[in-house]
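The following exercises ask the reader to work through a protein model step by step. Each task is followed by a worked solution.

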Amino acid sequence: MDDREQHDKGNLLHLAACYLRDVWHVARRRGPNQVQFWLIALLVGIAAGFAALLFRKGIDAMQSFLYGTEDVHLLHSFAGTLPWYLVLGIPVAGGLTVGLILHHFTPDARVRSVADVIEGAAMQEGRVEIRAGLASAAASMITLGTGGSSGREGPVVHLAAVVSTRVLHWLKADGVTGRDLLGCAVAAAVSASFNAPIAGALFALEVVLRHFAIHAFAPIVIASVAGTVINRLEFGGVTEFTLPAATILQFYEELPAFLLLGAICGLVAGLLMRAMFAAEDVATHVQARIGLPRWLRPMIAGAMLGLIAIWYPHIIGVGYETTSAALTGQLTLTAAIGFALVKALAVSITIGGRMGGGVFSPSLMMGALAGLAFGHIATGLFPENSGSLTLYALAGMGGVAAAVLGAPISTTLIVFELTGDWATAMAVMVTVSISTAIGTRLVAKSFFLTQLKRRGVRLAAGPQDYLLTMIRVRAVMRGRDSDRAAPEDACWQLIEAGHYIDAGATLETAFAAFDRTLKPYLPVVSLTGADTPPELRGALFQVDALRAYNRALAATAAEEHS
């Protein structure tokens, strides 16, 4: 290259750097336009993709160092050869470390995951907690690296949300932009984690944003592709699981079996979710009853996991080795059922013990084991009408995961992209549709939405329900100095009769009060103490409350259909 070419190249790089700088300044001052937002989506996608990649590599490095294996994909087999005290001690040490991290860096010693990202998208303008999110990522990495029985997708999704939240703070973006950028980060993280660009984009739309708005589609796809490129630069274009060469479906004769498998997968998913919630409730009750410090809870869970791993090392970590064994038909009927039961117990202990990690990978493993067990029975009873045994494992993997996540579309595509087997679409789709219909009725639509419901955040019913909890009375009321204020004498009469509402209450409380009192307006007061009389702040008119609620519904509908 001569001097002139070097000079021209330097000028181009300088111009590109100046353009990116100008785009960033304009985006911060005025908010990004469409083209600028696509560029920002690409950069966020790259950042989220690298975050997911580093998270995965960190888990692999920790497992390799602590368990002494060079191939973490064969961790379960290798762990079975280790001394029992190592298999027991590593999860105990990991649990103690996790407990201390969460105790010092989160207000409630709870790991943040996909449910918190969904809540952030719906109610926090696309933002999540940064400090607690980073602590949760560290805790989840340690959990999976030291033998916890959970998945890496939940922490990765929240870590990506932390990245987008940091960018949104710099941009000072509004709610629509915030939610779209959050979707971009999530899509890139899922794609980078699983090498699944199509499923990553649809996961962000279906699970996190919970709508398929056209304006969000292009930037989310751009970010998803960016995340996939990062994965493939490191791992190549290989799929996570390798199936046997032939997975044959005897189409019309065998489809009824997959309908039945879908029903079984829905029940398995429902039982798995309820087991995790029951473990959470029991652990919380015991912790409160004996006064256990919250930082010791993950350590006790780690000890329980270590004891199980001495006899069943396949529960350690994400569990891809056992999932692969199920997908290739290497497990007997008894082994598949036994491993599924032990895995369900281990996942419940991990989640109930607040150790960290997600539920997607465990649901894939549970589904593959359940599907393989069903396949053994089906092909044994009707060998002349049955295709490949492992096809049932593949369909079961999608069936249980779809019901747990409440995401039939993205889960179906994730299964295809994880395996590279697109020839069995009919069997998987039939199984997923039935399992989702059954599983999502055993909980509040999905594991994540049920988690939120248990915390008092009701997103499952849609915006018509949760929007009422987001609008405060003080933002809608008419003050005492308003031209259309309610008569003060009438307000004090209502207060004396016990008909008033606190200024900090939400419209949910206000509408219940209007239904109870049948008044056109209610006094709004400030309650400063039990012995202090209420201070009149103004009045909330029912017509104003309805108008504010309708505006919020209209804005949500406009975003979802734009």
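**Exercise 1.** In which strand is the place of Gly 479? Determine also whether Gly 479 is buried or exposed.

*Solution.* The model is predicted. Begin with the secondary structure: Gly 479 belongs to strand 1, which comprises residues 478–479. Next, consider accessibility. A residue is buried when its relative accessible area is under 20%; the value for Gly 479 is 19%, so Gly 479 counts as buried. Finally, examine the surroundings. Beyond its neighbours within four places in sequence, Gly 479 is in contact with Ala 485, Arg 537 and Gly 538. Gly 538 is 59 residues away in sequence, yet the C-alpha atoms of Gly 479 and Gly 538 are 4.3 Å apart.

**Exercise 2.** Compare the span of helix 4 with the expected span, and establish where its buried residues fall.

*Solution.* Helix 4 covers residues 84–105, which is 22 residues. The expected span is 1.5 Å times one less than the number of residues; this gives 32 Å, and the end C-alpha atoms are 32 Å apart, so the two values agree. The buried residues of helix 4 include Val 87, Leu 88, Ile 90, Pro 91, Val 98 and Leu 102. Viewed down the helix axis, the buried residues lie within an arc of 165°, and therefore line one face of helix 4. Tyr 85 and His 104, on the other side, are exposed. The buried residues pack against helix 2 (34–67), helix 3 (75–79), helix 6 (130–145) and helix 12 (297–311).

**Exercise 3.** Which residues touch the most other members of the largest nonpolar core?

*Solution.* This core has 137 residues, and those with the most contacts to other members are Val 186, Ile 220, Val 404, Phe 448, Leu 459, Leu 507 and Leu 540. Helix 16 (residues 389–405) contributes the most, with 12 residues. A separate core has 16 residues, among them Leu 75, Val 87, Leu 305 and Met 355. To follow one member of the largest core, take Leu 540: leaving aside neighbours within four places in sequence, its contacts include Val 473, Met 477, Leu 507, Phe 514 and Tyr 521.

**Exercise 4.** Classify the ring pairs Trp 84 with Tyr 85 and Phe 447 with Phe 448.

*Solution.* Planes over 60 degrees apart count as edge-to-face. Trp 84 and Tyr 85 have ring centres 6.1 Å apart and planes at 80°, so this pair is edge-to-face; both residues are exposed. Phe 447 and Phe 448 also form an edge-to-face pair, at 5.9 Å and 75°; both of these residues are buried.

Terms used:
Residues numbered from 1 in each chain as written. Predicted model: local features only at pLDDT ≥ 70, side-chain atom pairs only at ≥ 80, totals over all residues. Heavy atoms only, no water. Helix = DSSP H or I, 4+ residues; strand = E, 2+ residues; numbered from the N terminus. Buried < 20%, exposed > 50% of the residue type's maximum accessible area, 1.4 Å probe, protein only. Arc of directions from axis to C-beta. Contact = heavy atoms within 4.5 Å. Core = buried A, V, L, I, M, F, W, Y, C linked by side-chain atoms within 4.5 Å. Phe/Tyr/Trp six-rings, centres within 6.5 Å; stacked < 30°, edge-to-face > 60°.
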